Amino acid sequence: MTGLLSNLLLAVAWIALSGDFSMGGMLTGLAFGYLVILLLQNQLPGLKGYGTRLPRIVSFVFYFLRELFMANFKVAFDVVTPPWHMTPGVIAFELEAKTDLEIAFVANLISLTPGTLSLDISDDRRVLFIHAMFLDDEQSLRGDLREMERRALAVLR
């Protein structure tokens, strides 16, 4: 949070000093503030890791959009074609996520992806129960879910 606040303050300072109160001025201020923080993050403990978070977020957004498109296509194809190919089932997926925020983020990402739905979490918060529309290859599904969780946790941590 310190990094984001510092970036916003540097952007506001840029706007005040340049006199450009447009959206372009704000974006320019944010970009220059990000570069300054990127250069200073090793010297200031409160900024540690902030410079590497933006590339991880951008990478995750593109990854998730691709996964979302592919899942939509697979479900739509199955609905449109007469012989259904779905083999529904429920799996128990062991989580690497520990905090409530991480668990909720991963569970919601899984539910947002067509063909999968987060059903419940175990009492010890280590296992997420997931309904999958296509459970013909359970190992592949687990691998895809593990990759999504790994990328989601890289954004949050």
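**View 1. The largest nonpolar core, and who sits in the middle of its contacts.** This predicted model has 22 residues in its largest nonpolar core, and F60, I110, I130 and L145 are the ones that touch the most other members. Five elements each put in two or more residues: α3 (50–80), β1 (89–94), α4 (100–112), β3 (127–132) and α5 (138–156). Of these, α5 gives the most, with six residues. As background for this view, nonpolar side chains in soluble globular proteins tend to be buried together.

**View 2. A closer look at F60.** Which residues does F60 touch, once you leave out those up to four places away in sequence? The list is F105, L109, M148, R151, A152 and V155. Keep in mind that F60 is also one of the four core residues that touch the most other members.

**View 3. The three-stranded sheet.** Here's the open sheet, with its strands in the order β1-β3-β2 and antiparallel pairing. Which strands are at the edges? They're β1 and β2 (116–121), and each of them pairs on one side only. Going from one strand to the next, the twist averages 30°. A reminder for reading this view: strands of a sheet pair through backbone hydrogen bonds, either parallel or antiparallel.

**View 4. The β2 and β3 hairpin.** Zooming in on these two strands, you can follow five bridges that pair β2 with β3 in the antiparallel sense. Two bridge partners in β3 are worth picking out: L128 goes with I121, and F129 goes with D120. Between the strands, the hairpin has five residues, and R125 there takes a positive phi near 60°.

**View 5. Two helices against the sheet.** How do α4 and α5 sit relative to the strands? Helix α4 packs on the sheet and touches β2 and β3, with its direction at about 145° to that of β2. Helix α5 lies across β1, β2 and β3, and runs at about 45° to β1. Both helices are also among the elements that give two or more residues to the largest nonpolar core.

**View 6. Stepping back to the two domains.** Along the chain, the division is into domain 1 (1–47) and domain 2 (82–156). How many Å separate their centres? Taken over C-alpha atoms, the centres of domain 1 and domain 2 are 37 Å apart.

Notes:
Residues numbered from 1 in each chain as written. Predicted model: local features only at pLDDT ≥ 70, side-chain atom pairs only at ≥ 80, totals over all residues. Heavy atoms only, no water. Core = buried A, V, L, I, M, F, W, Y, C linked by side-chain atoms within 4.5 Å. Buried < 20%, exposed > 50% of the residue type's maximum accessible area, 1.4 Å probe, protein only. Helix = DSSP H or I, 4+ residues; strand = E, 2+ residues; numbered from the N terminus. Contact = heavy atoms within 4.5 Å. Pairing = 2+ DSSP bridges. Axes fitted to C-alpha atoms, helices over the stretch in contact; angles between N-to-C directions. Domains from an automatic or database assignment.
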